[in-house]
Protein chains: 2
Amino acid sequence: MPDMPDSHDSAVRRAQDLLFFAYRDFTNAADVLLEELGLGRAHHRALHFIGRRPGMTVTELLGILRITKQSLARVLGDLVTLGHVAQTPGGADRRQRLLRLTPQGAELEQRLFDRQKARLAPAFAQAGPDAFAGFEATMRAIMDPATRDMLDATPETGDRHVG
Amino acid sequence: MPDMPDSHDSAVRRAQDLLFFAYRDFTNAADVLLEELGLGRAHHRALHFIGRRPGMTVTELLGILRITKQSLARVLGDLVTLGHVAQTPGGADRRQRLLRLTPQGAELEQRLFDRQKARLAPAFAQAGPDAFAGFEATMRAIMDPATRDMLDATPETGDRHVG
DNA sequence: GATAATAGGTCAGTATTATTGACTCATCGG
DNA sequence: CCGATGAGTCAATAATACTGACCTATTATC
């Protein structure tokens, strides 16, 4: 009886609300700073993932953001023009343009990160480590298996790209 | 030393990833159906919250979605024209247009809900009840306090708006 | 009862983020 | 050599959002 509400429906509906509001308020945390700089959330997402996986290719970034080449072109062009992102030819495959943050881009990303950290860190401290573990397990279970695999295959260098 | 990376930074960065990917794949679940119907995610969000809080006012919906009147006008106009949403004058305040789903709108919302349920319910079952509790506690802690209060003040009638 | 404030709607113009489709160029791999 | 891939680009369009101004109906206040 797939169309009949069962005892799990209310948990799923509650989760829909949680996902919407937490994501809304989370993304909002960096908006003020972005607006001051004349950048949008798309720029922030690109900065975040390039900082998280320095040396990634354009194709990888397209796959993460799930947008088209044309959409990324504008955002990436802005960031390169502003001196936040540098592109270097790939060593093994010289067609590739490996993406990384410039020192200036890393500093900007850090400032944006601090805004979201100011929201997330107290939340995790308040909820406690067990809650965070449950949060992580649940969020991972929500993802596509392919997304999960990609995350697991990613080395965690993002918190050291400044040094 | 607010600009110095500490031991919590990696957890915050991991959480940024979790929020982005889980939200991306979660919202994606309903996209195929929405495209068939010629509707967008904005329409889905409106349907969801109207179904969740039948009788809500336009101002309340604007506050939840955090968009402007003009942005909502298009979406709400579409839904009313298509017969998915009905507006009735408020009893106490006749300036208000109380929003509710028509039977047809409830049926559409249910179909969209089923897509997301197909993704969320197995995820919660796999993660387990303790993980879900941690997920809920953490997501609530991420929100603005005002958002949390609003959620707590909302009667949970959304899973019964069909009957 | 006049008046201010609110709920909602609407018009005109613009910005951001995204799309599709076609095309070029350089490079890689068999 | 030649097909496939990585990346960039041009042109046109769509979805979602914005600002600012203005209007009506109704409620609340002085």
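**Entry 1: Leu82(A)**

I began with Leu82(A), which sits in the loop between helix 5 and strand 1 of chain A. I note that the model is predicted. I asked whether Leu82(A) is buried, exposed or partly exposed. I found a relative accessible area of 43% for Leu82(A), so the residue is partly exposed. Setting aside residues up to four places away in sequence, I listed Leu39(A) and Gln104(A) as the residues that Leu82(A) touches. I also looked up the separation of Leu82(A) from Gly51(A): the two are 31 residues apart along the chain, and their C-alpha atoms are 16 Å apart.

**Entry 2: Gln96(A)**

I turned to a second loop residue. Gln96(A) belongs to the loop between strand 1 (85-89) and strand 2 (97-101) of chain A. Its relative accessible area is 31%, and Gln96(A) is therefore partly exposed. Which residues does Gln96(A) contact, leaving aside neighbours within four places in sequence? I recorded Thr57(A), Thr88(A), Pro89(A) and Gly90(A). Of these, Thr88(A) and Pro89(A) carry numbers that fall within strand 1 (85-89). For the pair Gln96(A) and Asp78(A), 18 residues apart along the chain, I noted a C-alpha separation of 19 Å.

**Entry 3: Arg66 in both chains**

I next checked the backbone at Arg66(A), in the loop between helix 4 (58-65) and helix 5 (69-81) of chain A. What is the sign of phi at Arg66(A)? It is positive, at about 55 degrees, although Arg66(A) is not a glycine. I noted this angle because most residues other than glycine have a negative phi. With 41% relative accessibility, Arg66(A) counts as partly exposed.

I repeated the look-up in chain B. Arg66(B) lies in the loop between helix 4 (58-65) and helix 5 (69-81) of that chain. Its phi is positive, at about 55 degrees, and Arg66(B) is not a glycine either. I found Arg66(B) partly exposed, with a relative accessible area of 41%.

**Entry 4: Thr27(A)**

I moved from loops to helices. Thr27(A) lies in helix 1 of chain A, which spans residues 9-28. Is Thr27(A) buried or exposed? I found a relative accessible area of 12%; the cut-off for buried is under 20%, so Thr27(A) is buried. I then looked at what surrounds its side chain. A polar atom of the Thr27(A) side chain lies 3.0 Å from the backbone oxygen of Arg24(A). Apart from neighbours within four places in sequence, Thr27(A) is in contact with Arg41(A) and Gln116(A).

**Entry 5: Ala141(A)**

I looked up a residue in another helix. Ala141(A) is part of helix 7 (residues 129-142) of chain A. Its relative accessible area is 11%, and Ala141(A) is therefore buried. Where do the contacts of Ala141(A) lie, leaving aside neighbours within four places in sequence? I found Arg148(A) in chain A, together with Ala123(B) and Gln126(B) in chain B.

**Entry 6: How the two chains are related**

The contacts of Ala141(A) with chain B led me to the relation between the copies. I found that a rotation of 180 degrees, with 0.0 Å of shift along its axis, superposes chain B on chain A at an RMSD of 0.0 Å. I therefore recorded the relation of a two-fold axis. Which C-alpha of chain B is nearest the axis? It is that of Phe135(B), 1.9 Å from the axis. I also noted that the same surface serves both copies, since 98% of the contact residues of chain B recur in chain A.

**Entry 7: Chain A as a whole**

I closed with the overall values. How many helices and strands are there in chain A? I counted 8 helices and 2 strands. From the N terminus their order is α-α-α-α-α-β-β-α-α-α. The C-alpha atoms of chain A fill a box of roughly 55 × 35 × 30 Å along the principal axes. Of its 163 residues, 50% count as buried.

I then took the contacts of chain A with a separation of 6 or more, and found that residues 24 or more positions apart account for 56% of them. The accessible surface of chain A comes to about 8000 Å², and carbon and sulfur atoms hold 54% of it. Lastly, I noted 21 positive and 21 negative charges in chain A, with mean positions 6 Å apart.

Conventions
Residues are numbered from 1 along each chain as its sequence is written. Chains are lettered from A and ligands numbered from 1 in the order in which they are written. This is a predicted model: local features need pLDDT of at least 70, side-chain atom pairs count only at pLDDT 80 or more; totals for chains, interfaces and linings use all residues. Side-chain values use heavy atoms; hydrogens and water are left out. Copies are superposed by least squares on the C-alpha atoms of residues with pLDDT of at least 70 in both. Contact means heavy atoms within 4.5 Å. Helices (H or I, at least four residues) and strands (E, at least two) are DSSP runs, numbered from the N terminus. Buried means under 20% relative accessible area, exposed over 50%, partly exposed in between (1.4 Å probe, protein chains only). Accessible areas come from the Shrake-Rupley method with a 1.4 Å probe; for residues, only the protein chains shown count as cover. Lys and Arg count as positive and Asp and Glu as negative; His and the chain ends are not counted. The place of a charge is taken as NZ of Lys, CZ of Arg, CG of Asp or CD of Glu. A polar contact is a pair of N or O atoms within 3.5 Å; within protein, one must be able to donate a hydrogen and the other to accept it, and residues adjacent in sequence count only if both atoms are side-chain atoms.
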